[in-house]
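Biologist: Could you take me through this structure slowly, and tell me for each label which rule stands behind the word?

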Amino acid sequence: MKKDTKVFNLIRKEKQRQMGGIELIASENFVSDQVLKAMGSVMTNKYAEGYPGKRYYGGCQIVDQTEQIAIDRAGELFQAKFVNVQPHSGAQANMAVLMACLQPGDTFMGLDLSHGGHLSHGSPVNSSGILYKPVAYEVNRETGRVDYDDMEKKVAQYKPKLIIAGASAYSRDWDYARMRKAADSVGAILMADISHPAGLIARGILNDPLEYCHIVTTTTHKTLRGPRGGMIMMREDFPNPWGLTTPKGEIKMMSALLNSAVFPGVQGGPLEHVIASKAVAFGEALSDEYFEYILQVKKNAAAMAKAFTDRGYNIISGGTDNHLMLIDLRSKFPEITGKMVENTLVQADITVNKNMVPFDSRSPFQTSGLRVGTPAITTRGLKEDMMEPIVDMIDDVISHIDDTKKLEAVKEKVNAMMAEYPLFAW
């Protein structure tokens, strides 16, 4: 068969792009060779609708073992007794939880998208906002932190059936205990979406949501440094609170409702090559090397946040507890949008993403902010001493946003710096 040179040439160019640049998108990371190999393996050939030991196809004896390893390792990593590793993404994991816990039209709560929340937490263009009735809680205008007082008032007012803790652009830890108390006050299920800080949570660096939340979802990339995919977990199984029963009259457990919501509810056959890759990544995340890595992610983020602050940038909430920070550009460059900065930094081989900030005066297509994270550059081996030079280059680009020669000079610096680092240094 003729080699597809068009596609493989683009893959080669993408690798060159990744090698030459500084990757600061908070949701991106670089995986190990063995994670890549598992993903590109013959496991992709196998159809395996259903779950280990209960498939709709024959020949699943090997993929059953592989999926069980992924389940067991994730359970050990998060101390969870129920794990579903089949969701194709974090959004589909969230969709499955909502399907298992809500009826169309039911009210639930999530952090406002413009305050750091996620599309799947109630955006009107997402299934979560189309099928259900979302009510948003916000961050405090002065502190930039979740306004738990206001959240509690809204819980009492709207009596949601489910509350989501978690965000895609929030740099602080969460008070899961307080949110559980609010959920219990109205009989709501508390769900945490830990897609961003999952690696920090897994190794005990941030608060443990599984101690207080009924259900926890996550992606398996980002700080977990695995393949793109999702996962659903519970520390302990529990009977569904609505009294749903099986045909035999037995109370249905939440694990059964969640499994059914994933398949056949929102997905067909699982991606067994991705699940094999998840199993490998979970094994890596249990290692001492990964613990050193994820500690370094947090150290690098703190050093980068300080460097931005020292140069006059406003970090929402004043700093970071995790792997990312949200920068309000208006504090230093009131006329420059996040979109302009994102597009210009790409020309200097620095990748960030534009992001709305709380109470933003601009649209989601322009934004007043940037979201910046350290998982990927930490995977490449950079440490705290390199955060200030990186911020200097970013500041240089923004300060000379229309200067083509300056962009070229910064790009040369970036390429020279990153030539010393492999994609995966751990």
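**Labels and the rules behind them**

Modeller: Leaving aside neighbours within four places in sequence, Thr107 is in contact with Leu102, Lys133, Val135, Tyr158, Pro160, Lys161 and Leu162, where contact means heavy atoms within 4.5 Å. Please keep in mind that this is a predicted model, in which local features need pLDDT of at least 70 and side-chain atom pairs count only at pLDDT 80 or more, while totals for chains, interfaces and linings use all residues. Residues are numbered from 1 along each chain as its sequence is written, and side-chain values use heavy atoms, with hydrogens and water left out.

Biologist: What makes Thr107 count as buried?

Modeller: A residue is called buried under 20% relative accessible area, exposed over 50%, and partly exposed in between, using a 1.4 Å probe and protein chains only. Thr107 has 14% relative accessibility, and therefore counts as buried. Thr107 lies in strand β5, residues 107-111, a strand being a DSSP run of E with at least two residues and a helix a run of H or I with at least four, both numbered from the N terminus.

Biologist: How do you know that Lys159 is exposed, and where is Lys159 found?

Modeller: The relative accessible area of Lys159 is 53%, so Lys159 is exposed, and its place is the loop between α6 (148-158) and β7 (162-165). Lys159 also has a positive phi, near 50°, in a residue other than glycine.

Biologist: Why is a positive phi worth pointing out?

Modeller: Because most residues other than glycine have a negative phi, and most peptide bonds are trans. Ser317 is another case, with a positive phi of about 75° although it is not a glycine. Ser317 sits in the loop between β11 (314-315) and β12 (324-328), and with a relative accessible area of 14% Ser317 is buried. As for peptide bonds, a cis one joins Phe263 and Pro264, with omega about 10°, and Pro264 is placed in helix α9, residues 254-266.

Biologist: Why are Cys101 and Cys213 not counted as a disulfide?

Modeller: A disulfide is a pair of cysteine sulfur atoms within 2.5 Å. The sulfur of Cys101 is 12 Å from the closest cysteine sulfur, which is in Cys213, and this is too far for a bond, so the pair does not qualify. The structure holds zero disulfides.

Biologist: Are these cysteines buried or exposed?

Modeller: Cys101 has a relative accessible area of 4% and is therefore buried, and Cys213, at 5% relative accessibility, counts as buried. Cys213 is found in the loop between α8 (198-202) and β9 (215-219), where Cys213 touches Tyr176, Arg180, Leu190 and Ala192, not counting residues up to four places away in sequence.

Biologist: How many helices and strands does the protein chain have, and why is the chain called as compact as a globular protein of its length?

Modeller: There are 15 helices and 15 strands in the protein chain. The radius of gyration is 22 Å, close to the 22 Å that the globule rule gives for 426 residues, so the chain is as compact as a globular protein of that length. The radius is taken over C-alpha atoms, and the rule is 2.2 Å times the number of residues to the power 0.38. Buried residues make up 55% of the 426 residues.
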